[in-house]
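These are my notebook entries from a session with one structure, set down in the order in which I looked things up.

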Amino acid sequence: MNFVMAAVVQGNGMKPLQNGIGHLEMNQIGGAMGHGINVETDDYCIRDGVQSVEEPEIDIVINNVVCSFSVKCHLNLRQIALNGRHVEYRRENGMLTMKLRNPYTTASMWSSGKVTCTGATSEESSRIAARRFARTLQKLGFQVRFTNYRVVNVLGTCSMPFAIKITSFSENHREAEYEPELHPGVTYKLKDPKATLKIFSTGSITVTAPSVLDVQRAIETIYPLVYEFRKERTKEDMIDVITRKRKHPDDEDNSDCGSNSEF
């Protein structure tokens, strides 16, 4: 069963991510199944290689893209605080934060000229925000050179169309770490793609990876693994999933996407 599900995911993949949301559709499964096989799930039923489908769809939401760049000049943080807009000078930390409304992002700046930017919901908007911060510094009189731009990490979330037996899952996968006294989810680290996943019993999964593509690949990789340990959702699970979607994703795990964390 694992092989079949993996083949379906890899064969169909996901629709391109746009506006921070991507879809993983499980279809054409009939072609991957041999005749005489009867497979039933919550979402579809296949008998004798014939497909009767309500195609499950997995939405991947990109919540935060963290990037960093250098302006190759010394930044007088006090001067920026006095003349800039939407800024907060944290002298005790030796840094300054600046906010943009569009795209809605926050930059952390150091006198060395290093800048990190958080809050974007796509790699494209992250780069646009970084360039706007650099242009703002240029207008304040600094000799800015926009260099060494890179995406540090990406935080994405999705919800599987089923709940997950995370205790059984963690017992059967040595890569999984589960400490229920410390955290309600299972931590699962992938090497290829390089990603860290937080898997919750409700079916919610949080992914931290170096790029949007790696977030997508991580979901494709984990799907057949958690599918084996699926279970029906309870009413409490459904309420919890809806609540998590309404809240900021960092409510599940604030440590997933720090402004300076790297892979």
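**Entry 1: salt bridges.** I began with Glu-88, which I found in a salt bridge with Arg-90, the closest N and O atoms being 3.7 Å apart. I note here that I am working from a predicted model, and that I treat every distance and angle below as a value computed from that predicted model. For Glu-88 I looked up a relative accessibility of 43%, so I entered Glu-88 as partly exposed. Its partner Arg-90 has a relative accessible area of 29%, and I therefore entered Arg-90 as partly exposed too.

I then asked how many salt bridges a search of the whole structure finds. The search returned 3 of them. I kept in mind that side chains of opposite charge can pair when their charged atoms come close.

**Entry 2: the bridges of Arg-217.** I next went to Arg-217, whose side chain meets that of Asp-192 in a salt bridge at 3.0 Å, N to O. I located Arg-217 in helix α6 (residues 212–227) and Asp-192 in the loop between β13 (186–190) and β14 (195–199), so I recorded this pair as tying together parts that are 25 residues apart in sequence. The surroundings of the two side chains I took separately: Arg-217 counts as partly exposed because its relative accessibility is 31%, whereas Asp-192, at a relative accessible area of 59%, is exposed.

I also found a salt bridge between Asp-214 and Arg-217, with 3.3 Å from N to O. These two residues are 3 apart in helix α6, which means that about one helical turn separates them. Is Asp-214 buried or exposed? I read 15% relative accessibility for Asp-214, and because buried means under 20%, I entered Asp-214 as buried. Taken together, salt bridges that share partners join Asp-192, Asp-214 and Arg-217 into one network.

**Entry 3: another residue of helix α6.** Staying with helix α6, I looked up Ile-219, which has its place there. Ile-219 counts as buried, since its relative accessibility is 1%. I then checked Ile-219 against Cys-158, which is 61 residues apart from it along the chain, and I found their C-alpha atoms separated by 8.3 Å.

**Entry 4: Thr-157 and its contact.** I turned to Thr-157, which lies in strand β10 (residues 147–159). With a relative accessible area of 16%, Thr-157 is buried. Which side chain makes a polar contact with the side chain of Thr-157? I found that it is the side chain of Asn-63, at 3.0 Å.

**Entry 5: positive charge on the surface.** I looked for charged patches and noted one of positive charge on the surface, where Arg-127, Arg-131, Arg-135 and Lys-139 gather. I followed up on Arg-127, which has its place in helix α4 (residues 123–139). Its relative accessibility is 35%, so I wrote Arg-127 down as partly exposed.

**Entry 6: cis peptide bonds.** Going through the backbone, I found that the peptide bond from Asn-102 to Pro-103 is cis, with omega near -5°. I placed Pro-103 in the loop between β7 (95–101) and β8 (104–110). I also recorded the peptide bond from Asp-192 to Pro-193 as cis, with omega near 0°. Pro-193 has its place in the loop between β13 and β14, and I cross-referenced this to Entry 2, where Asp-192 appears in the salt bridge with Arg-217.

**Entry 7: positive phi.** My last look was at backbone phi, where I noted Lys-72, a residue other than glycine, with a positive value near 55°. I found Lys-72 in the loop between β5 (57–70) and α3 (77–83), and its relative accessible area of 46% is why I call Lys-72 partly exposed. Where is His-86 found? I traced His-86 to the loop between α3 and β6 (87–90). Although His-86 is not a glycine, its phi is positive, at about 55°. I entered His-86 as partly exposed because its relative accessible area is 42%.

Terms used:
Residues numbered from 1 in each chain as written. Predicted model: local features only at pLDDT ≥ 70, side-chain atom pairs only at ≥ 80, totals over all residues. Heavy atoms only, no water. Patch = residues over 30% accessible without salt bridge, like charges linked within 9 Å, V, L, I, M, F, W, Y side chains within 5 Å. Areas by Shrake-Rupley, 256 points an atom, 1.4 Å probe, with all protein chains shown as cover. Salt bridge = Lys/Arg side-chain N within 4 Å of Asp/Glu carboxyl O. Lys, Arg positive; Asp, Glu negative; His and termini not counted. Charge placed at Lys NZ, Arg CZ, Asp CG, Glu CD. Helix = DSSP H or I, 4+ residues; strand = E, 2+ residues; numbered from the N terminus. Buried < 20%, exposed > 50% of the residue type's maximum accessible area, 1.4 Å probe, protein only. Polar contact = N/O pair within 3.5 Å; in protein donor to acceptor, adjacent residues only side chain to side chain.
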